Amino acid sequence: MSHQNMEIVRSLFSSFEQLGPESTFRFLSPEIEWEVRPDLPDSRTYRGHDGVRELFATFEDVLDEQWYRPRELIPAGDLVVVPLRWGGRGKTSGATVEEREETWVLTLQDGLVTRVTEYATKEAALEAVRLSGDAQGSSRD
């Protein structure tokens, strides 16, 4: 199951990069819950495809060419821990948005992502899923 989950997560990020945010919904459960980090201004839990579209829109309103690049994928049963970098280009200014790092924990069930929980650091995410920083089976991209 972990290998299949890793492939689904890899495909989700690839789809976003190649085809844009709307293409990712085929990987997301209709009942998805996406929990934004508490230290961010848009912090809350977005529910369902409409909620995730609302979350994506907050970025689309201010960014062009937004991107999310996984640094590695760490399997943890039905979870995949994804330390990533993200950025974009300001829609109005055209300025490059500084590259940011954070870690997402994706929960998968029946081949779909059912939950995304964002963490400020890889360590916080690993602690949340009770893994050591030396988790086996990680896949660097």
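**Exercise 1. Find how many cavities of 30 Å³ or more this predicted model holds, then work out what lines the second largest one.**

Step 1: set the rule. Rolling a probe the size of a water molecule over the atoms shows where empty space is left. Here a cavity is a set of points, on a 1 Å grid over the protein atoms alone, where a 1.4 Å probe fits but cannot get out. Points are joined across faces, edges and corners, and a volume is the space filled by probe spheres set on the points.

Step 2: count. That rule gives two cavities of 30 Å³ or more. The second largest has about 100 Å³ of space.

Step 3: list the lining, meaning residues with an atom within 4 Å of a point. You get L12, F13, F16, T24, L28, W34, F56, Y68, W104, L106 and V116.

Step 4: sort by element. Helices (H or I, at least four residues) and strands (E, at least two) are DSSP runs, numbered from the N terminus. Those giving two or more residues to this lining are α1 (2-19), β1 (28-35) and β6 (96-109). The largest share, three residues, is from α1.

Step 5: sort by class. Ala, Val, Leu, Ile, Met, Phe, Trp, Tyr, Cys and Pro are nonpolar; Asp, Glu, Lys and Arg are charged; the others, Gly among them, are polar. The tally is ten nonpolar, one polar and no charged residues.

A note on bookkeeping: residues are numbered from 1 along each chain as its sequence is written, and side-chain values use heavy atoms, with hydrogens and water left out. As the model is predicted, local features need pLDDT of at least 70 and side-chain atom pairs count only at pLDDT 80 or more, while totals for chains, interfaces and linings use all residues.

**Exercise 2. Sketch the overall layout, then place β1 among its partner strands.**

Step 1: write the order. There are three helices and eight strands, running α-β-β-α-β-β-β-β-β-α-β from the N terminus.

Step 2: pair the strands (at least two DSSP bridges between them). β1 and β7 (residues 112-119) run parallel over four bridges, with E35 bridged to T117 of β7. β1 and β2 (residues 45-47) are antiparallel, joined by three bridges, and W34 stands opposite Y46 of β2.

Step 3: check the totals. Of the 141 residues, 44% are buried (under 20% relative accessible area, with exposed over 50% and partly exposed in between; 1.4 Å probe, protein chains only). Among contacts (heavy atoms within 4.5 Å) with a separation of 6 or more, 50% join residues 24 or more positions apart.

**Exercise 3. Is D110 buried or exposed, and how does G111 compare with the cut-offs?**

Step 1: locate both. D110 is in the loop between β6 and β7, and so is G111.

Step 2: apply the cut-offs. D110 has a relative accessible area of 71%, so D110 is exposed. G111 comes in at 23%, so G111 is partly exposed.

Step 3: look at the backbone. D110 has a phi near 50°, a positive value in a residue other than glycine. The C-alpha of G111 is 7.6 Å from that of F27, although 84 residues separate them along the chain.

**Exercise 4. Why does P70 count as buried?**

Step 1: place P70 in strand β3 (residues 63-70).

Step 2: P70 counts as buried because its relative accessibility is 16%.

Step 3: for a neighbour, take V82, twelve residues along the chain from P70; their C-alpha atoms are 6.1 Å apart.

Terms used. On a 1 Å grid over the protein atoms alone, a cavity is a set of points where a 1.4 Å probe fits but cannot get out, and a pocket is an open set with protein on both sides within 12 Å along at least five of seven lines; lining residues have an atom within 4 Å of a point.
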